[in-house]
Amino acid sequence: MSKNQSFPLNDSRPPVSLDWDLGRELDDVASQYFYQDCEPSTQKILSRCGWYLSSFFEEPTLVITCNDQVTNWLILKQLMPLATVLYKWLKTAHIRIYPPTGEGTFLDIPITDVPLG
């Protein structure tokens with residue numbers, strides 16, 4: 001199709017909200033598989049946080065929000081196991097960790113920067 005041609009009028013595209021909903025469903029399913037692949041000790045620490053996998057960033061991202069400094073420290077100690085599980089599914093992804101409110105800014109780490117176990 002040349003630059004000057006437009007799409008036919010009957011070429012109906014799905015609404016953006018449908019794309020958003022499907023993307024969110026995909027993220028939810030991916031999150032379930034990710035969690036199942038984690039070791040029980042990692043699952044226990046994740047259950048103390050708010051977390052989700054998102055494909056709405058530039059690269060797929062595991063977003064983790066920590067409610068307190070102890071949980072934040074435990075998550076930081078789990079970077080290698082978290083990155084290893086992500087790497088099984090995705091060769092490029094990020095882990096974004098948000099500390100407790102008022103404790104600084106988020107940390108964004110490409111999984112390729114974490115030594116994999």
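**A four-stranded sheet, two helices and a pair of cysteines**

In this predicted model, Ile64 has a bridge partner in strand 3, namely Ile97. That pair belongs to a longer match-up: strand 2 and strand 3 (residues 94-98) run parallel and are joined by five bridges. On to the neighbouring pairing. Strand 1 (residues 50-54) and strand 2 (residues 61-65) are also linked by five bridges, but here the strands run antiparallel. One of the partnerships is that of Ser54 with Thr61 in strand 2. Six residues sit between strand 1 and strand 2, and the two strands form a hairpin.

Zooming out, the strands line up as an open sheet of four, in the order 1-2-3-4, and the pairing is mixed. Strand 1 and strand 4 (107-110) are the edges, each pairing on one side only. Going from one strand to the next, the twist averages 15 degrees.

Next come the helices that lie over these strands. Helix 3 crosses strand 2, strand 3 and strand 4, and its direction is at about 165 degrees to strand 3. Helix 4 lies across strand 1, strand 2, strand 3 and strand 4, running at about 140 degrees to strand 3.

How do two helices that pack together get described? The angle between their axes and the distance between those axes do the job. For helix 3 (residues 69-77) and helix 4 (residues 79-89), the angle is about 55 degrees and the axes are 5 Å apart. Helix 3 is therefore oblique to helix 4. Where they meet, Ile75, Leu76 and Lys77 come from helix 3, while Leu79, Pro81 and Leu82 come from helix 4. Sorted by class, this contact has five nonpolar residues, one charged residue and no polar ones.

Finally, the cysteines. A disulfide is a covalent bond between the sulfur atoms of two cysteines. How many disulfides turn up in a search of the whole structure? The count is zero. Why do Cys49 and Cys66 not make one? For Cys49, the closest cysteine sulfur is the one in Cys66, but the gap is 4.4 Å, so the two are too far apart for a bond; the cut-off for a disulfide is within 2.5 Å. Both cysteines are tucked away all the same: Cys49 counts as buried because its relative accessibility is 11%, and Cys66 is buried too, with a relative accessible area of 4%.

Technical notes. Residues are numbered from 1 along each chain as its sequence is written. This is a predicted model: local features need pLDDT of at least 70, side-chain atom pairs count only at pLDDT 80 or more; totals for chains, interfaces and linings use all residues. Side-chain values use heavy atoms; hydrogens and water are left out. Two strands pair if DSSP finds at least two bridges between them. Axes are lines fitted to C-alpha atoms, for helices over the stretch in contact, and angles run from 0 to 180 degrees between N-to-C directions. Angles under 35 degrees count as roughly parallel, over 145 as roughly antiparallel, 65 to 115 as roughly perpendicular and the rest as oblique. Contact means heavy atoms within 4.5 Å. Ala, Val, Leu, Ile, Met, Phe, Trp, Tyr, Cys and Pro count as nonpolar, Asp, Glu, Lys and Arg as charged, and the others, Gly among them, as polar. Buried means under 20% relative accessible area, exposed over 50%, partly exposed in between (1.4 Å probe, protein chains only).
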